[in-house]
2 protein chains.
Amino acid sequence: MLQLLQAEFADVTISKIRFLEAEGLVTPARTASGYRKFSTADIERLRYVLTAQRDQYLPLKVIKDHLDAMDRGLRPPAPGGRPAAPQTLPQPAGLPDAEDFSTYGTELKLTRDELREAAGITAELLEQLESHNLVVARGNHYDGDAILIAKAAAEFAQYGIEPRHLRPFRAAADREVGLIEQVVQPRRDDKTLELAALAVRLHAALVRSRLTR
Amino acid sequence: MLQLLQAEFADVTISKIRFLEAEGLVTPARTASGYRKFSTADIERLRYVLTAQRDQYLPLKVIKDHLDAMDRGLRPPAPGGRPAAPQTLPQPAGLPDAEDFSTYGTELKLTRDELREAAGITAELLEQLESHNLVVARGNHYDGDAILIAKAAAEFAQYGIEPRHLRPFRAAADREVGLIEQVVQPRRDDKTLELAALAVRLHAALVRSRLTR
DNA sequence: GTCGGACCTCAACCGCCGGTCGAGGGTTGG
DNA sequence: CCAACCCTCGACCGGCGGTTGAGGTCCGAC
């Protein structure tokens with residue numbers, strides 16, 4: 001889950017996240033042994049914090065106020081171009097660890113229905129995602145990334161963008177992975193993740209750059 | 001004149017104004033004997049600085065960038081509810097500190113050499129990046145994204161991946177932007193950025209998912 | 001002239017914010 | 001049993017946004 005955020009925000013570290021927790025900006029759940037367990041809502045929240053900090057230069061105090069206000073059910077405050085609000089939608093309960101990326105990582109194994117529930121998508125959408133190879137089962141199970149992909153697809157769907165429009169994303173990802181694997185061939189260690197984060201970073205910068213022209 | 005500003009901003013002091021001058025945010029004229037002489041334009045400028053600081057929590061560096069940008073004849077930047085812009089006369093503006101890329105947004109305007117220095121890349125690499133359209137100048141200037149792209153490319157280069165290998169990234173980014181622009185056609189507001197973030201998120205999840213299989 | 005007060009410069013200092021580091025220790029998967 | 005994580009907690013840190021003070025100059029009033 002750290003990798004995930006690092007792809008988007010270059011300078012996030014474990015210690016920074018711990019610091020943010022100490023400041024009361026996030027409150028991840030804990031496992032029995034004390035490890036932090038980040039739900040997707042927690043990650044949304046962090047994304048909000050980091051975006052506000054980076055793009056609006058808001059001090060943490062102010063960000064905390066905003067979050068607190070939202071928690072009390074108020075409209076997201078902040079005048080002007082603010083980061084997208086982390087909508088903490090009611091999570092379908094049951095299915096204990098469906099949102100857990102940190103401790104189980106990709107070892108997370110979901111059934112088809114669990115995935116649907118966790119991502120809040122219809123069976124139809126999931127079918128489309130699979131038919132375009134955006135979500136792929138391993139054996140009978142899906143992992144944490146599948147949830148993220150499905151959720152993103154659901155958001156796109158709200159703008160009328162269907163899975164088939166997203167196929168280029170898959171192709172692009174495949175090409176990047178191919179590139180990385182070529183380089184990292186011999187030693188298949190954490191260099192791989194490093195390069196992947198780098199690739200995503202480049203990608204993000206390019207998108208932004210093209211957009212603002 | 002101090003009294004004048006103090007009426008509006010309680011915590012302004014002489015020493016603060018002197019400090020702001022030292023930071024290059026205002027450049028009042030001087031009398032023969034060295035006393036500061038504030039024109040009304042200077043006061044407008046200070047008003048802008050103090051408002052931006054108080055109401056938008058902007059760091060002085062960013063405020064300075066905005067002022068510099070305006071001095072260069074650009075439209076007042078700053079997304080969102082910004083303080084009323086003071087239209088000042090052109091002031092001698094120092095060049096941005098090239099090492100400070102992190103604090104500059106896309107309003108940043110760098111010369112070719114400034115970009116090279118900020119990203120720590122060779123002229124050759126930059127040329128390659130431009131020939132593959134990974135980095136593109138607007139007019140004679142480059143923006144903050146160019147630094148990010150250049151730095152990422154430099155890291156890739158350490159793994160033997162050259163700009164030409166990165167062309168698919170550009171193509172993918174272009175496709176994504178095309179998709180977004182199609183959707184966002186009518187209302188060209190901050191939905192755009194929201195969608196772009198979503199796209200990058202999907203991309204990241206896909207890369208991870210493909211990688212860990 | 002000369003005195004007081006307001007202005008100047010420059011360097012040293014300061015408090016807070018936003019983290020980082022590292023020692024000391026538990027947990028987990030292989 | 002070990003390596004690789006994760007945890008806490010307190011010390012530390014660099015930068016930002018000024019403040020303070022010593023030492024000196026300028027000006028108007030007496």
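Ala, Val, Leu, Ile, Met, Phe, Trp, Tyr, Cys and Pro count as nonpolar, Asp, Glu, Lys and Arg as charged, and the others, Gly among them, as polar. The model is predicted: local features need pLDDT of at least 70, side-chain atom pairs count only at pLDDT 80 or more, and totals for chains, interfaces and linings use all residues. Residues are numbered from 1 along each chain as its sequence is written, while chains are lettered from A and ligands numbered from 1 in the order in which they are written.

A residue is near a strand of DNA if its C-beta atom, placed from the backbone, lies within 6 Å of that strand. The table gives the surfaces by residue class.

| Surface | Nonpolar | Polar | Charged |
|---|---|---|---|
| near DNA strand D | five residues | seven residues | four residues |
| near DNA strand C | five residues | six residues | four residues |

Around DNA strand D there are 16 residues, of which Arg36(A), Ser15(B), Ser33(B), Pro59(B) and Leu60(B) come nearest. Two or more residues each come from α2 (14–22) of chain A and from α2 (14–22) and α4 (60–71) of chain B; helices are DSSP runs (H or I, at least four residues), numbered from the N terminus. The largest share, three residues, belongs to α2(B).

DNA strand C is surrounded by 15 residues, with Lys16(A), Ser33(A), Pro59(A), Leu60(A) and Arg36(B) nearest. Here α2(A) gives the most, three residues.

Between the protein chains, 53 residues of chain B are in contact (C-beta atoms, placed from the backbone, within 7 Å) with 54 residues of chain A. On the chain B side, α9(B) gives the most, with 19 residues. This side has 31 nonpolar, nine polar and 13 charged residues.

How values were computed:
Contact = placed C-beta atoms within 7 Å.
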